[in-house]
Amino acid sequence: MNKPLRRVSVFCLVLILALLGWATWIQAARAGDYRDDPHNPRVAIGKYAAPLGNILVDGEPVTGSAATSSTLKYKRTYKDGPLYAPVTGFTSQIFGSNQLESLYGGLLDGSDSRLQSPADAVLHRRAKAGDVATTIDAKVQRAGYRALGDKKGAAVALDPATGRILGMVSTPSYDPGKFAGSGSADQRAWKAMSQDGDQPHVNRALRQALPPGSTFKLVVAAAALENGLYSSVDEPTDSPDPYTLPHTRTTLTNENAAAPCKNATLRTALQYSCNTVFAKIAADLGQDKVAAQAEKFGFNDGKVDVPVRAAKSVYPRDMDPAQTALSGIGQFNDQATPLQMAMVASALANGGELKTPQLVDKITDGGGNTVQRYGPKTYGSGKAVSAHTAEQLRSAMRTVVDKGTGSNAKIGGLTVGGKTGTAQHGVDNSGTPYAWFVSYAENSAGQRVAVAVMVEDGHAARNEVSGNGLAAPVARAMMKAALS
């Protein structure tokens with residue numbers, strides 16, 4: 001063979017070997033990537049080739065599947081879609097999925113390797129879909145949804161002993177079944193939801209962090225007791241009324257000018273929601289001590305997963321003393337989700353120990369066998385506060401309900417404690433304030449529930465917005481449902 005022909009032969013051989021190597025690499029190393037690529041139509045065809053597994057509440061499915069006449073043989077359906085949308089999220093043949101529908105997508109469509117039998121693995125066959133059992137109590141969820149009604153807001157109810165989320169409501173809500181398919185009606189429903197100015201697709205219980213207002217005073221009171229600034233909720237504080245913010249000429253007053261806030265005890269200050277007392281305490285403690293206490297409750301943690309990730313609740317840093325004082329009354333740049341404030345109430349209700357919130361009880365395979373169960377976990381490295389501090393603050397919260405600003409949360413036959421909040425909104429408080437209520441209740445058997453409610457936009461005149469008027473009745477309904 002002459003030299004030029006030999007060179008061409010070698011070159012062709014190299015090309016063939018390169019092609020074989022490339023094909024082998026594609027089929028082996030990259031096969032999974034191509035198989036799972038969302039642009040591969042076979043992914044959707046496989047996902048919807050059989051009925052999906054279900055998301056369960058009280059052991060009953062709140063999701064389902066319906067046969068279609070398209071290439072995608074089944075689509076997701078929802079029972080009481082708007083009621084449970086903040087829990088389930090959505091699965092759409094066009095728009096994908098979110099929340100539990102997304103996080104457990106492989107389990108719900110049978111592609112999760114944990115579901116495969118040996119025969120499924122050998123035959124490369126998709127297993128029968130599994131189910132996701134939630135911690136939601138249908139009575140609590142429905143009570144919160146009905147109580148919020150047409151208000152814009154959210155509510156979270158926790159079992160303090162376990163961290164189980166018993167109710168998670170966000171209003172206005174949406175019906176995920178309206179865009180679960182792939183037709184033009186589904187596209188119109190998605191567009192209408194996406195363009196709605198009230199943002200019904202936002203899970204306000206987890207994803208909407210707003211100023212917590214006076215409910216944050218529970219955190220400041222906890223910091224005062226934990227750091228020894230005051231020994232009990234019945235010790236008088238060193239609190240002038242009005243209070244001049246540090247290094248300024250700006251005076252802070254109280255909403256109720258007749259309230260006995262001067263040198264008030266923590267109990268009285270919580271009862272009358274004295275701004276002057278808690279602003280002074282925050283300034284006296286300093287931002288680092290308040291921040292340390294807030295972070296034990298979950299503030300500044302960007303990885304609170306229930307398993308859906310919650311927005312980070314923020315206690316700010318790098319404040320001057322005046323800003324620190326304002327942060328002590330839940331203003332300045334404080335931000336909290338309803339989940340976060342429910343965590344504060346839960347820790348106090350549970351003797352100071354905060355359990356990590358959890359929305360999923362267990363996941364099961366297609367035969368109903370448990371694949372994984374989620375047990376209680378303590379949040380952080382230990383207790384958020386001591387048992388003594390927790391008992392002191394529960395006592396003061398009971399005074400708020402029995403004699404103070406939280407009277408609308410009273411429930412016959414139950415011990416109830418709470419804290420109201422009305423947070424400023426807009427430049428110079430020009431917007432409608434946010435109404436908050438944080439609470440716990442206990443029955444005669446010792447069972448407890450913790451609830452936080454935020455009403456972002458009540459249909460009431462600005463001067464009629466209050467935590468007791470708008471938010472406390474929602475908390476009352478959920479607590480009664482949980483312990484009845």
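# Reading the labels on this predicted model

Q: What is the make-up of the chain over residues 53-116, and how far apart are the end C-alpha atoms?
A: In this predicted model, that stretch is 28% helix and 30% strand, with the end C-alpha atoms 14 Å apart. An unreviewed UniProt entry places the feature "domain: Penicillin binding protein A dimerisation" at these residues.

Q: What does the whole protein chain look like in numbers?
A: There are 18 helices and 16 strands, and the C-alpha atoms fill a box of roughly 105 × 55 × 40 Å along the principal axes. Of the 484 residues, 51% count as buried. The accessible surface comes to about 21,200 Å², and 50% of that belongs to carbon and sulfur atoms.

Q: What makes Arg126 and Asp109 a salt bridge?
A: The N to O distance between their side chains is 3.3 Å, and the rule asks for a nitrogen of Lys or Arg within 4 Å of a carboxyl oxygen of Asp or Glu. So the pair qualifies. Arg126 sits in the loop between α7 (118-123) and β7 (131-134), and Asp109 in helix α6 (residues 105-109), so the pair links distant parts of the chain, 17 residues apart. Lys47 joins in too: Lys47, Asp109 and Arg126 are linked in a network of salt bridges.

Q: Why can side chains of opposite charge pair?
A: They can do that when their charged atoms come close.

Q: How do you know whether Asp109 is buried or exposed?
A: Check its relative accessible area, which is 11%. Buried means under 20%, so Asp109 counts as buried. Its partner Arg126 has 38%, which falls between the 20% and 50% limits, so Arg126 is partly exposed.

Q: What makes Lys152 and Asp198 a salt bridge, and what does the pair tie together?
A: Their closest N and O atoms are 3.2 Å apart, which passes the test of within 4 Å. Lys152 lies in strand β8 (residues 152-158) and Asp198 in the loop between α9 (184-195) and α10 (204-207), so the bridge ties together parts 46 residues apart in sequence. Lys152 is buried because its relative accessible area is 14%, under the 20% limit. Asp198 has 35%, so it counts as partly exposed.

Q: How do you know that Arg309 and Asp305 pair up, and why is each called partly exposed?
A: The closest N and O atoms are 2.7 Å apart, again within the 4 Å limit. Arg309 has 40% relative accessibility and Asp305 has 32%; both values lie between 20% and 50%, so both residues are partly exposed. By the salt-bridge rule, the total count comes to 18.

Q: What makes Leu13, Ile16, Leu17 and Leu20 a nonpolar patch?
A: Membership takes over 30% relative accessible area, no salt bridge, and nonpolar side chains joined within 5 Å. Ile16, in helix α1 (residues 3-28), shows the area test at work: its 47% is over 30%. Together the four residues offer about 400 Å² of accessible area.

Q: How do you know that the buried residues of α14 line one face of the helix?
A: The buried residues of α14 (residues 287-297) are Gln287, Val290, Ala291, Gln293, Ala294 and Phe297. Seen down the axis, they fall within an arc of 165 degrees, so they line one face. They pack against α11 (217-226), α13 (275-285), α15 (321-327) and α16 (338-349). Just after α14, Gly298 takes a positive phi of about 120 degrees.

Q: What makes Asn300 and Asp318 worth a look in the backbone?
A: Neither is a glycine, yet phi is positive: about 65 degrees at Asn300 and about 55 degrees at Asp318. Asn300 is in the loop between α14 and α15, and so is Asp318. Asp318 is exposed because its 77% is over 50%, whereas Asn300, at 25%, counts as partly exposed.

Q: Where are cis peptide bonds found, and what are the omega values?
A: One runs from Thr171 to Pro172, with omega near -5 degrees; Pro172 is in the loop between β9 (165-171) and α9. Another joins Asp241 and Pro242, where omega is about 0 degrees; Pro242 is in the loop between α11 and β10 (243-244).

Definitions and conventions: Residues numbered from 1 in each chain as written. Predicted model: local features only at pLDDT ≥ 70, side-chain atom pairs only at ≥ 80, totals over all residues. Heavy atoms only, no water. UniProt positions renumbered as here; feature names shortened; annotations may be inferred. Helix = DSSP H or I, 4+ residues; strand = E, 2+ residues; numbered from the N terminus. Patch = residues over 30% accessible without salt bridge, like charges linked within 9 Å, V, L, I, M, F, W, Y side chains within 5 Å. Areas by Shrake-Rupley, 256 points an atom, 1.4 Å probe, with all protein chains shown as cover. Buried < 20%, exposed > 50% of the residue type's maximum accessible area, 1.4 Å probe, protein only. Arc of directions from axis to C-beta. Contact = heavy atoms within 4.5 Å.
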